[in-house]
Amino acid sequence: MLTSYDGLCGIGELAERAGVTVKTVRFYSDRGLLPEASRSTGGHRRYGPESLDRLRLIRSLRTLGLSVPEVHRVLDDEDDGNNGDNGNDGDLAGGEGRAGGALEAAVAGRLRELGSELKALRWREAALRLVQECPPGERAGRLRLIGAVPAPPSTAPLVRFWRGWLPPRMPARAVGAFLEVAVPQPPDDPAPAQVLAFARLNALTLAPCPGTAQPQPEAHRAAGARGSAVLYAGLAEAYELAGAHLRRGRPPRPGEALDGFVAAYTSAYGVRDTPDFRRRLAGQLAADPRIDRYWELVGEVVTPPGLRPEPTPGSAHDWLLAALVAQTEASPTQAT
């Protein structure tokens, strides 16, 4: 393989055979990735016959985007495996020993990074199309909106908004369950309209609300922190049932979804479900502060353009409230 009499080669020959520059070989040698076999009497680097394969492996790992420290760990892993009792342990494809673990971890980490990078690129592409396609008079406003959203986008402002809105001292598990349904995840491959909706949603949650910082519904004061956890768990089930009706385009109606909706409140308040309670609940909910714009934008974020709007907790709540109002107005004695 190597042409010199002692089986070693110089840095220039090694670089030529590996298809890299001398500077590259020197770089990897200086960082301990490519050990030198010896030095010539003139102080020149000399490399053994295994150096060519090692250099090609380093180049392959770097081509995959692995950092120098990650390459170092992979090579150390392989060396440890090759020094073990079982000759197969050093197989980078994944032997039974340690060897291969560093490569798997590095590849998995790089895949995660690429996923985030690709998501950011798709988001930027949709944002650029949004600016390109809008009328010239609207471009400055849209640039301000989308410029406030990082790529890939973050839901942190939305989470902070809801944490300030929810009752204080509400159990962490209940808060997490609520946030999971209330905070939409940005699409991985968004359309320009979805980018605009998310940017508007981001701006909405960052803007101060008039009057109070964030209006609280009467349900919070009536149920308290622990009761609110029961309330939101029950509402989540009712919203899911109502969502099935919304997807089919069905108008508000009595049934399991409405009964579950009312039961969420009776369980939180510790009262019975009676016609009078349903009438009072309908009036209370109709008077509660609304965050309708938030849910409208959530629907635009989670729904690809041209499709029927995906149900949100807000649209499900409106459907259930309309069913409750219609039931109590039509026949109060039947609201049992």
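Hi everyone, let's start with a pair of charged side chains: Arg293 forms a salt bridge with Glu296, and their closest N and O atoms are 3.3 Å apart. Before I go on, please keep in mind that what you see above is a predicted model.

So where do these two partners sit? Arg293 and Glu296 are three residues apart in helix H13, so about one helical turn separates them. As for the solvent, Arg293 is partly exposed, because its relative accessibility is 37%. Glu296 is partly exposed too, at 44% relative accessibility. There is also a little network to look for: Arg110, Glu113 and Glu117 are joined by salt bridges that share partners.

If you are new to this, here is the idea behind such contacts. Side chains of opposite charge can pair when their charged atoms come close. How many salt bridges does the structure hold? The count is 15.

Let me show you two more of them. In one, the side chains of Arg45 and Asp30 meet, with 3.1 Å from N to O. This salt bridge links distant parts of the chain, since Arg45 belongs to strand S3 and Asp30 to helix H2, which covers residues 22-30, and the two are 15 residues apart. Is Arg45 buried or exposed? With a relative accessibility of 12%, Arg45 counts as buried.

The other one joins Glu310 and Arg247, whose closest N and O atoms are 3.4 Å apart. Glu310 lies in the loop between helix H13 (292-302) and helix H14 (313-330), while Arg247 is in helix H10 (residues 218-247), so this pair ties together parts that are 63 residues apart in sequence. Both ends are partly exposed: Glu310 has 33% relative accessibility, and Arg247 has a relative accessible area of 45%.

Now that we have arrived at helix H10, let's stay there for a moment. H10 has 30 residues, and a straight helix at 1.5 Å a residue would reach 44 Å. The C-alpha atoms at the ends of H10, however, are only 29 Å apart. Where does H10 bend? Turn the model until you find Gly224, because that is where H10 bends, by about 110°. After H10 comes Gly249, which has a positive phi, near 70°.

Speaking of backbone angles, here is a rule of thumb. Most residues other than glycine have a negative phi, and most peptide bonds are trans. With that in mind, take a look at Arg169. Arg169 is not a glycine, yet its phi is positive, near 65°. You can find Arg169 in the loop between H7 and helix H8 (172-182). Arg169 counts as exposed, because its relative accessibility is 73%.

And which peptide bond is cis? It is the one from Ala151 to Pro152, with omega near 0°. Pro152 sits in the loop between helix H6 (139-147) and helix H7 (156-165).

Next, the strands. Three of them form an open sheet, in the order S1-S3-S2, with antiparallel pairing. Strand S1 (9-10) and strand S2 (38-39) are the edge strands, each pairing on one side only. S1 and strand S3 (residues 45-47) run antiparallel and are joined by two bridges. If you want to see how they line up, find Gly10, which stands opposite Arg46 in S3.

S1 also contains residue 9, which brings me to the cysteines. A disulfide is a covalent bond between the sulfur atoms of two cysteines. How many disulfides are there here? The count comes to zero. Two cysteines worth finding are Cys9, which is buried with a relative accessible area of 0%, and Cys134, which is buried with a relative accessible area of 4%.

Last stop, the aromatic rings. The structure holds 14 aromatic pairs. One of them is formed by Phe27 and Tyr28, whose ring centres are 5.5 Å apart, with 70° between the planes, making the pair edge-to-face. These two partners make a nice comparison: Phe27 counts as partly exposed at 31% relative accessibility, whereas Tyr28 counts as buried at 8%.

Rings can link up in bigger groups as well. Ring pairs join Phe161, Trp162, Trp165, Phe178, Tyr232, Tyr294 and Trp295 into a cluster. Try selecting those residues in the viewer, and thanks for listening!

Terms used
Residues are numbered from 1 along each chain as its sequence is written. This is a predicted model: local features need pLDDT of at least 70, side-chain atom pairs count only at pLDDT 80 or more; totals for chains, interfaces and linings use all residues. Side-chain values use heavy atoms; hydrogens and water are left out. Rings of Phe, Tyr and Trp (its six-membered ring) pair if their centres lie within 6.5 Å; planes under 30 degrees apart count as stacked, over 60 as edge-to-face and the rest as tilted. Buried means under 20% relative accessible area, exposed over 50%, partly exposed in between (1.4 Å probe, protein chains only). A disulfide is a pair of cysteine sulfur atoms within 2.5 Å. Two strands pair if DSSP finds at least two bridges between them. Helices (H or I, at least four residues) and strands (E, at least two) are DSSP runs, numbered from the N terminus. A salt bridge is a side-chain nitrogen of Lys or Arg within 4 Å of a carboxyl oxygen of Asp or Glu. The expected span of a helix is 1.5 Å times one less than its number of residues. The bend at a residue is the angle between axes fitted to the seven residues ending there and the seven starting there.
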